[in-house]
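Trainee: I'd like a close look at one part of this model, the disulfides and what surrounds them. Which pattern do the disulfides of the protein chain follow, with bonded cysteines counted along the chain?

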Amino acid sequence: MRPTNLRWSASAALLLIAIAGCNAPQPSDQPSGSAAPGATTDPAAESNLPADQVMLQTVVDQAEARDFCDGFFQPEVAAESQVYRMGDRALVELHCARAAYQSVYTYVAVQPDGTLQPLPLDLFYPDQAGQFVRSREATVGGLTTFDPAQGLLTVFSKARGLGDCGSLAEYRWTDGALELATFRYQACSDSPGEFVDPADYPQVYP
């Protein structure tokens, strides 16, 4: 039956439109078709990864038994660790210990099947003759930042509390590993001079 009250019909139509608008999906802050930095655009690629907290707890639970931290593990600081989802894998930055002016970290990859793979980092040390020797270490001491969008880990390692000497290393996330991209080193002086930005340290590698 056709409504006889046209004014009521128009009001009802407007009300229904308003209700539909309230129930419509709200736009996300993330642009349509884009993914969060460092994440895959294929949801199936991450389907096998558990929740971040589960992955982190698994790494922490196995830290001592598998000696991820190379003897530096302090359980009380492990809560400050980070998890970064990188496609079908995840990178766990395990905060192993806190020292006087920097911390000790280790890195563990969570594979698609859930297995944990420690990721040692390459760096350089000067020997007694002043020649740089490449070494691979289970842990790294320093101030760290990780950019998931670029897959770039930066580690500034102070040689002393003043922070006027030490090393600056960059590692790139590649095929589930952290490969050394650049390494810079500034020797300490007995007479500390003007502060040098770590980005301006002499380049040792490549």
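Mentor: Count the bonded cysteines along the chain and the pattern reads 1-2, 3-4. There are two disulfides in the structure, a disulfide being a pair of cysteine sulfur atoms within 2.5 Å. Before you lean on any of this, remember that the model is predicted: local features need pLDDT of at least 70, side-chain atom pairs count only at pLDDT 80 or more, and totals for chains, interfaces and linings use all residues. Residues are numbered from 1 along each chain as its sequence is written, and side-chain values use heavy atoms, with hydrogens and water left out.

Take Cys69 and Cys96: their disulfide has an S to S distance of 2.0 Å, and with -80° about the S-S bond the link is left-handed. Cys69 sits in the loop between helix H2 (52-63) and strand E1 (82-86), while Cys96 belongs to strand E2 (residues 89-98), so this bond ties together parts that are 27 residues apart in sequence. Those element names come from DSSP runs numbered from the N terminus, with helices (H or I) of at least four residues and strands (E) of at least two. Both Cys69 and Cys96 are buried; buried here means under 20% relative accessible area, exposed means over 50%, and partly exposed is in between (1.4 Å probe, protein chains only).

The other bond, Cys165 to Cys188, puts the sulfur atoms 1.9 Å apart, and its 80° about the S-S bond makes it right-handed. Cys165 is in the loop between strand E8 (152-158) and strand E9 (166-174), and Cys188 is in the loop between E10 and strand E11 (203-205), giving a pair that links distant parts of the chain, 23 residues apart. The burial is split here: Cys165 counts as buried at 1% relative accessibility, whereas Cys188 is partly exposed at 38%.

Now look around Cys69. Asp67 and Asp70 are found in the loop between H2 and E1, and each has a positive phi in a residue other than glycine, near 50° for Asp67 and near 55° for Asp70. That's worth a glance because most residues other than glycine have a negative phi. Asp67 is partly exposed at 41% relative accessible area, and Asp70 is partly exposed too, at 40%.

Leu94, in strand E2, is a good anchor for the picture. Its relative accessible area is 0%, so Leu94 counts as buried. Not counting residues up to four places away in sequence, Leu94 touches Cys69, and its other contacts include Val59, Val60, Phe68, Val104 and Tyr105; contact means heavy atoms within 4.5 Å. Ser81 is also on the contact list of Leu94. You'll find Ser81 in the loop between H2 and E1, buried at 8% relative accessibility. The side chain of Ser81 reaches the backbone nitrogen of His95 at 2.9 Å, and with residues up to four places away left out, Ser81 touches Leu56, Glu93, Leu94 and His95.

For context, the protein chain has two helices and 11 strands, with both helices coming ahead of the strands from the N terminus on. Of its 206 residues, 34% count as buried, and residues 24 or more positions apart account for 45% of the contacts with a separation of 6 or more.

One last stop is the aromatic rings. Rings of Phe, Tyr and Trp (its six-membered ring) pair if their centres lie within 6.5 Å, with planes under 30 degrees apart called stacked, over 60 edge-to-face and the rest tilted. By that rule there are five aromatic pairs. One of them is Phe124 with Phe183, tilted, at 5.6 Å centre to centre and 55° between the planes. This pair links distant parts of the chain, with Phe124 in strand E5 (residues 121-126) and Phe183 in strand E10 (residues 177-186), 59 residues apart. Phe124 is buried at 11%, as is Phe183 at 2%. Ring pairs link these two with Tyr205 into a cluster. Tyr205 is also joined to Pro206 by a cis peptide bond, with omega about 0°, and Pro206 lies in the segment after E11.

Methods: Polar contact = N/O pair within 3.5 Å; in protein donor to acceptor, adjacent residues only side chain to side chain.
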